[in-house]
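Dear colleague,

I am handing over a structure that is new to you, and I would be glad if you could look through it at your own pace. My notes on what was found follow below.

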Amino acid sequence: MKAHPYPFRRRAEIILLGLVSLVFVTPGFLTVYLKARPHAFLGAPWVRNATLAGVVPPPAPPPFSLRSLWNGEWQKGVARRFNENFPGREFITRVTHEAYLRLLRTTGINSRTWDVTLGRGQNLFINTYLIEYCIEREPPESLRPLVRQLRELQDALRQKQIAFLFLVTPSKPAMVPETMPPRWRARYDSRPRSIEYFLPMLKEAGIEYVDGIAITAALKEKAEVPVFPEGGIHWGFYPCWHVANAILAKLKDQGLNVQTIDDPTFAISNNPQTEADIVKILDLVKPWHFPVMSVTPRPLNVPDIDRPNCVVVGGSFNFGPNALMSSSAQFAEIDVYFYYNVEKVVQRDGATTFLPARPLNFARDIFAADCLILEINESMLNNAHALKAFLNDAIAHLPELDQPRQSFGAEAFADIQFNEPISFKTVQPNLIKATAISGFSVMEPHGTWSDGERATVRLTLPPGNSDLKVSATALPFIRPGIGQSVRVYANDHLVDEWSMTDPEFATREFRVPANFIRRQRLVLRFDIAYPTTHSEVKQSEDVRRLGIFLAQLIVENVRED
């Protein structure tokens, strides 16, 4: 039989072979090239894997040895390092994710519950929320033990004048079901969801709670932007502001010295930041733009000594209201125990610090706070493991409430002992923690410079009711022809004035009357009259506005004979 020639077969084979070679050979070639020229492709972040979100660098391979070579650990480590770092991985990842999302309307993540699904428009959903809203149905009896524990904890705290509040937050599918994918809407089970049983139980039990679901639903039609941003899973700042005010109003009713956030600044844009939480972790090709509203509170700047401490235990939905309450500058700090024991998040005056989780000291971390807020998202009621674990532990520690109340374990205040040096030198022990000072530059081996017109040190004192003597060792930065002047305040009371002309270390003492001290807090404020930069006096290019170089503080309890 005569063979029929296929003129394009060889050309197709060559093209296919070339593409396969390109895919497999190029990453290896680029890896070698970047090793030889580490500064190449600086303008091509997708080649250098410079902008991938949510990527945890793999550990370094084990040291090369005959043992690691023989058992294969060294080869596994090298292979993993290459697979997760080869040049161009970001390009392949972004193109693959974009194709999955546009063609299949999902991301292809190997997790049924945490996969991301594209709904109507640009609305993104995480499957775990869709599963709870559409499918999961639990009997109401499973919620009653949770309500009983909430009431027991609330009653115990109120007897000690500690404000208590329970916050229920909305989920995206429940709030905007019309934007869900049709295949999920078709699976909706019309039987009551857990939240429909839970809220009446809270009311019947007399639990003080804020219904974030109802507040957000009431805003849905009149809000200028969607209450749940399209490319995110969390609610927007506009409903968070309304919920924050509901929280503040209820805390004020319980005797806390707080005010609602009135007359904030609103701004609408199509450039989301934190609102694009899902989009960012998807690592897509094309940037997303969708309408969001920012809310900026007007800082109340309540004096530190009068600010309450707040503790929150819950998930990520409490971060929005907390951020607004923190930015209003009326809380000493808001300590968030993320899912109880995953992470500690400290919020103060709009700044956020993430700390590793550690075992709680309930007497200082919880029962010494001025208020406790527990939060749960409606989608988590059937899996409230973190909340239940906290309630179990808190109730087990309730006998500690009958002991003398301790000082709050604040991250923004440093615990000290009388007569022991408080060091501002990195080379000495008893170094003050960085979160307890404001208005200072970085700590140096011999002290810490103030930077600006005001520097503050926040201290938690041991129990006592007598006057204090404070010794401060510092040197001034002298403005030529003028010198340096400092006013020292203790809890907003003027206690000393320094006039300095000699740029040498000196120890100065001042007295703080006992009636200035409240709640075992001592906030020392140094108002600098002439903050000066090195560049102003032609000494260097340093642009810090220096005033005093603080080396040490000592606080003594003055006992009258």
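How many helices and strands does the protein have? It has 16 helices and 23 strands, and please keep in mind throughout that this is a predicted model.

Overall picture

The C-alpha trace of the protein spans about 120 × 65 × 55 Å along its principal axes. Of its 561 residues, 47% count as buried, while the accessible surface comes to about 28500 Å², with 56% of that area belonging to carbon and sulfur atoms. If one takes the contacts between residues at least 6 apart in sequence, 69% of them join residues at least 24 apart.

Helices α7 and α10

Helix α7, residues 144-159, packs with helix α10, residues 194-205, at an angle of about 35°, and their axes lie 10 Å apart. The crossing of these two helices is right-handed. On the side of α7 the contact involves R144, L146, V147, L150 and R151, and these meet F198, M201, L202 and A205 in α10. Sorted by class, this contact of α7 with α10 has seven nonpolar and two charged residues, and no polar ones.

Helix α7 also holds Q154, and one may ask whether Q154 is buried or exposed. With a relative accessible area of 1%, Q154 is buried. Setting aside residues up to four places away in sequence, Q154 touches F164, G206, I207 and E208. Of these contacts, G206 is 52 residues from Q154 in sequence, and the two are 9.5 Å apart in space, taken from C-alpha to C-alpha.

Helix α12 and its two partners

Helix α12, residues 237-253, is described here with two other helices, beginning with helix α11, residues 212-219; the axes of α11 and α12 come within 9 Å and cross at roughly 135°. The two helices are therefore oblique to each other, and α11 passes α12 in a right-handed crossing. In this contact G212, I215, T216 and L219 in α11 meet Y238, P239, H242, V243 and A246 in α12. By class, the contact of α11 with α12 has six nonpolar and three polar residues, with no charged ones.

The other partner is helix α14, residues 319-327, whose axis comes within 8 Å of that of α12, the two crossing at roughly 70°. Because angles of 65 to 115 degrees count as roughly perpendicular, α12 and α14 are described as roughly perpendicular to each other. Here, too, the crossing is right-handed, with α12 passing α14. The contact is made by F237, C240, W241, V243, A244, I247 and L248 of α12, together with G320, P321, L324 and M325 of α14. The residues of this contact divide into 10 nonpolar and one polar, with no charged residue. V243 of α12 is listed both in the contact with α11 and in the contact with α14.

A residue in a loop

Where is E411 placed? E411 is in the loop between α16, residues 385-396, and β12, residues 414-415. At 14% relative accessibility, E411 counts as buried, because the cut-off for that word is under 20% relative accessible area. Leaving aside neighbours within four places in sequence, E411 is in contact with E333, K344, V346, L355, R358, K433, T435 and A436.

With best regards

Key. Residues are numbered from 1 along each chain as its sequence is written. This is a predicted model: local features need pLDDT of at least 70, side-chain atom pairs count only at pLDDT 80 or more; totals for chains, interfaces and linings use all residues. Side-chain values use heavy atoms; hydrogens and water are left out. Axes are lines fitted to C-alpha atoms, for helices over the stretch in contact, and angles run from 0 to 180 degrees between N-to-C directions. Helices (H or I, at least four residues) and strands (E, at least two) are DSSP runs, numbered from the N terminus. A crossing is left-handed if the near helix is turned anticlockwise from the far one by less than a right angle, and right-handed if clockwise. Contact means heavy atoms within 4.5 Å. Ala, Val, Leu, Ile, Met, Phe, Trp, Tyr, Cys and Pro count as nonpolar, Asp, Glu, Lys and Arg as charged, and the others, Gly among them, as polar. Angles under 35 degrees count as roughly parallel, over 145 as roughly antiparallel, 65 to 115 as roughly perpendicular and the rest as oblique. Buried means under 20% relative accessible area, exposed over 50%, partly exposed in between (1.4 Å probe, protein chains only). Accessible areas come from the Shrake-Rupley method with a 1.4 Å probe; for residues, only the protein chains shown count as cover.
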